[in-house]
Amino acid sequence: MEGMFKVTLEDEFKKNPELKAEDIENIQTWMKTQPHLPPVPDLMVVMFLQACQWDLKLTKKTIDMYYTLKTELTEFFADRDPTSQEIKNIAKINHIVMLPQSDPQGNQILWISLKECDPKMYNFAASVKYNTMTTEVFQLENGTVPGLVLVNDCKHFSASVFWNTPMKLASNYTRFSQEAASYPVKACHYINAHSFLKKCFTLMKPMFKSKVYKMFHMHSLKH
């Protein structure tokens, strides 16, 4: 995987004055004592360190959860082929793209927009698969960024689409995004949000950590 990165360790040391070679070595030494973990390249360790604000204990916990959940949650992390019919189908109705410009704080913006469609066509698992593949490719090409801001255009995210989403899958993805992310999420904006969506998030509040829930910002649909 190291060879898949288009950035180098030298690039990351220049970008991140907090990054220390001994911290990378510490994590690598620890991982050798964890037989369930695969070999992880130094650059990927850097992604986790930066996502965890250089906290070694939290970094180790996050790495463990990342690879454990990637093994367990096969609905999201198995058969990840960008040319598959599954991904082609979801890409037709669910646009997921990194915007070319960052926000004033240097955070990268991930834009997600669902087109008007038959709710039965919306495949939540495929959408998550598409989403995680997009962010991983971005990391391979760009390395660390100050943060990630998610902007979800909810104009066509109807109540029917929401209730067609299996809650077990939603819960699994919530767990992964909160406990195993390899990038620092700064905020999640929901624009053109229907009134029902705010009520749904209130019902789902117990699924989220307090600090994560505070990242959510609803922007109502204007009629």
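1. Buried area between the domains. In this predicted model, domain 1 and domain 2 bury about 1400 Å² between them. Carbon and sulfur atoms carry 57% of that area.

2. Domain layout. The domain assignment of the protein chain places domain 1 at 9–72 and domain 2 at 75–218. Their centres, taken over C-alpha atoms, are 24 Å apart. Domain 1 puts 15 residues into the contact, and domain 2 puts in 18.

3. Salt bridge and polar contacts. The rule finds 1 salt bridge across the interface of domain 1 and domain 2. Glu 136 and Lys 70 meet through their side chains in a salt bridge, at 3.0 Å from N to O. For polar contact, the interface of the two domains has 6 residue pairs, with both residues at pLDDT 80 or more.

4. The domain 1 side. Three helices or strands are worth locating here: α1 (9–15), α3 (42–51) and α4 (56–72) are the elements that give two or more residues to the side of domain 1 that touches domain 2. The residues on this side divide into 8 nonpolar, 3 polar and 4 charged.

5. Aromatic pairs. The whole structure holds 19 aromatic pairs by the search. One of them joins Phe 48 and Tyr 67. Their rings are tilted, with 55° between the planes and 6.4 Å centre to centre. This pair links distant parts of the chain: Phe 48 sits in helix α3 and Tyr 67 in helix α4, 19 residues apart.

Definitions and conventions. Residues numbered from 1 in each chain as written. Predicted model: local features only at pLDDT ≥ 70, side-chain atom pairs only at ≥ 80, totals over all residues. Heavy atoms only, no water. Domains from an automatic or database assignment. Contact = heavy atoms within 4.5 Å. Buried area = accessible area lost by both parts, 1.4 Å probe. Salt bridge = Lys/Arg side-chain N within 4 Å of Asp/Glu carboxyl O. Polar contact = N/O pair within 3.5 Å; in protein donor to acceptor, adjacent residues only side chain to side chain. Helix = DSSP H or I, 4+ residues; strand = E, 2+ residues; numbered from the N terminus. Nonpolar A, V, L, I, M, F, W, Y, C, P; charged D, E, K, R; others polar. Phe/Tyr/Trp six-rings, centres within 6.5 Å; stacked < 30°, edge-to-face > 60°.
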